[in-house]
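Q: Please take a close look at one part of this structure and describe it carefully. I would also like to see how that part is set within the rest of the chain.

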Amino acid sequence: MRIHSRLFPAAVLLLLLLLLLAPASEGCGPGRGYGKRRLPKKLIPLALKQFSPNVAEKTLGASGRPEGKITRSSERFKELTPNYNTDIIFKDEEDTGADRLMTQRCKDKLNSLAISVMNMWPGVKLRVTEGWDEDGHHSEDSLHYEGRAVDITTSDRDRNKYAMLARLAVEAGFDWVYYESKAHVHCSVKSEHSVAAKTGGCFPADAEVTLEGGVTKQMRDLRPGERVLASSTSDGRHRLLYSLVLSFLDLQPNVTKIFTIIGTSTGRNITLTSAHLIFVTDCRGGPNRDGPRTTFASEVRPGQCILTSQGTEATRAVVTFVEERPSTGLYAPLTQHGSVVVNSVLASCYAALDNHHLAHWVLAPLRFFYTLMGPAEQQTDGVHWYPWLLQRVGGMLLDPKHFHPLGIEQGL
């Protein structure tokens, strides 16, 4: 296996740091289960005018760029959902219910924060002073216009609590928190479209794989322990074979997200998330000097060639279109060989990082565990703990240019 010389030192550091971090996940074993109970974390209040993370709100490392105002008459209005949580007080000074409207991600983080507030200060509730804005009270590109931002206080309006309230908001998972003034804390989240690509590299529920024996099965019905058509690159070429499904790196059957659809001249189309890696190759007759390479699905362009299955052979197919479409289910199978043929198109099992070989290398310990102990018997919905840990460590060690343009919060 070849790893880019510039990435190899970082890969070694990544593995060493994972070993150092191992006690943090002790008792969690591969597969998403319950580990040892952690000691309470010491919470440090934010200082006035401090924001977390320490980057501008509308950058990739925080809540991301604005996508345009949402009005009651716009098509995107359906992206907003009302929040009727009785543990939250909504100021609603306009008396229109606007402050209750927000994206699902914002709603989830706000509800989580409401619980933290009650646990921190019994008898006190979270209070929202400003949510979705339809009256133009904020700056032109404010995320309030998209239901992605809220201004908050506590129900008792005790300003001495707001520094800690800001910290609780960070812990609740808001993508950007700003202790903006002595009167309130500002919080915002990434857009639903951005998050769609950050859920890791996945296929929809109705994507099809080919099992040993030639029968096909939809992704929603695939189970660890089954063998699916994949490829081996040990000889520098892609030889199709059947590879054991060890586990799922992500499994969310009921989630609807935006997927990238790549169509080919042969009619074989593949649907996958934009940050997922797919094999592309030279469309000319001769083989590539370095063999097929991987690229993010969102970077594939018409006129390029991808690899499709023809029996046990991988053949080229010209890409004729690339488009986006919503679909349901997020499935990311991990095979022994790190690849999988989906809808007769060859794809990597990995995402987010632009180097398939490095991703395959850092996931070797997980594959070894399942090879030794047997495929995962139970799969709990969500992202597997191992790639979740890798993304945190990788974000510290690797240059951001090696990650998908939408950010580094996607699982490998």
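A: Helices here are DSSP runs of H or I with at least four residues, and strands are runs of E with at least two, both numbered from the N terminus. By that reckoning, Leu 372 belongs to helix α6, which covers residues 364-373. The model is a predicted one, and the protein in it has 7 helices and 20 strands.

The part chosen for the close look is strand β16, made up of residues 305-310, of which 5 of the 6 are buried, so that the strand is mostly covered, buried meaning under 20% relative accessible area. On one hand, β16 pairs with strand β14 (residues 276-281) in the antiparallel sense over 2 bridges, and in this pairing Cys 305 of β16 is the bridge partner of Thr 281. On the other hand, β16 also pairs antiparallel with strand β17 (residues 313-335), this time over 6 bridges. Within that second pairing, Thr 308 stands opposite Thr 315 of β17, while Gln 310 has Glu 313 of β17 as its bridge partner. The two strands β16 and β17 form a hairpin with 2 residues between them, and in the turn Gly 311 has a positive phi of about 70°. As background for reading such strands, in a regular strand the side chains alternate between the two faces of the sheet.

Following β17 away from the hairpin leads to another partner, strand β12 (residues 239-264), which runs antiparallel to β17 and is joined to it by 16 bridges. One of the pairs is formed by Gly 263 and its bridge partner in β17, Phe 321.

Elsewhere in the chain there is an open sheet of 6 strands in the order β1-β7-β8-β6-β5-β3, with mixed pairing. Its edge strands are β1 (51-52) and β3 (88-90), each of which pairs on one side only. Inside that order, β5 (residues 126-130) and β6 (residues 149-154) pair in the antiparallel sense over 4 bridges, with Val 128 standing opposite Ile 152 of β6. Helix α3 (residues 162-172) packs on the sheet, where it touches β1, β5, β6, β7 (176-181) and β8 (184-188), and its direction makes about 165° with that of β7. Helix α2 (residues 104-120), for its part, lies across β3, β5 and β6 and runs at about 140° to β5.

To return to helix α6, Leu 372 counts as exposed because its relative accessibility is 60%, and the cut-off for exposed is over 50%. Together with Phe 368, Phe 369 and Met 373, Leu 372 forms a nonpolar patch on the surface, with about 460 Å² of accessible area for the four residues together.

For the whole protein, buried residues make up 49% of its 412 residues, and about 19,500 Å² is exposed, 52% of which is supplied by carbon and sulfur atoms. Among the contacts between residues at least 6 apart in sequence, 67% join residues at least 24 apart.

Conventions. Residues are numbered from 1 along each chain as its sequence is written. This is a predicted model: local features need pLDDT of at least 70, side-chain atom pairs count only at pLDDT 80 or more; totals for chains, interfaces and linings use all residues. Side-chain values use heavy atoms; hydrogens and water are left out. Patches are made of residues with over 30% relative accessible area and no salt bridge: like charges are joined within 9 Å, nonpolar side chains (Val, Leu, Ile, Met, Phe, Trp, Tyr) within 5 Å. Accessible areas come from the Shrake-Rupley method with a 1.4 Å probe; for residues, only the protein chains shown count as cover. A salt bridge is a side-chain nitrogen of Lys or Arg within 4 Å of a carboxyl oxygen of Asp or Glu. Buried means under 20% relative accessible area, exposed over 50%, partly exposed in between (1.4 Å probe, protein chains only). Two strands pair if DSSP finds at least two bridges between them. Contact means heavy atoms within 4.5 Å. Axes are lines fitted to C-alpha atoms, for helices over the stretch in contact, and angles run from 0 to 180 degrees between N-to-C directions.
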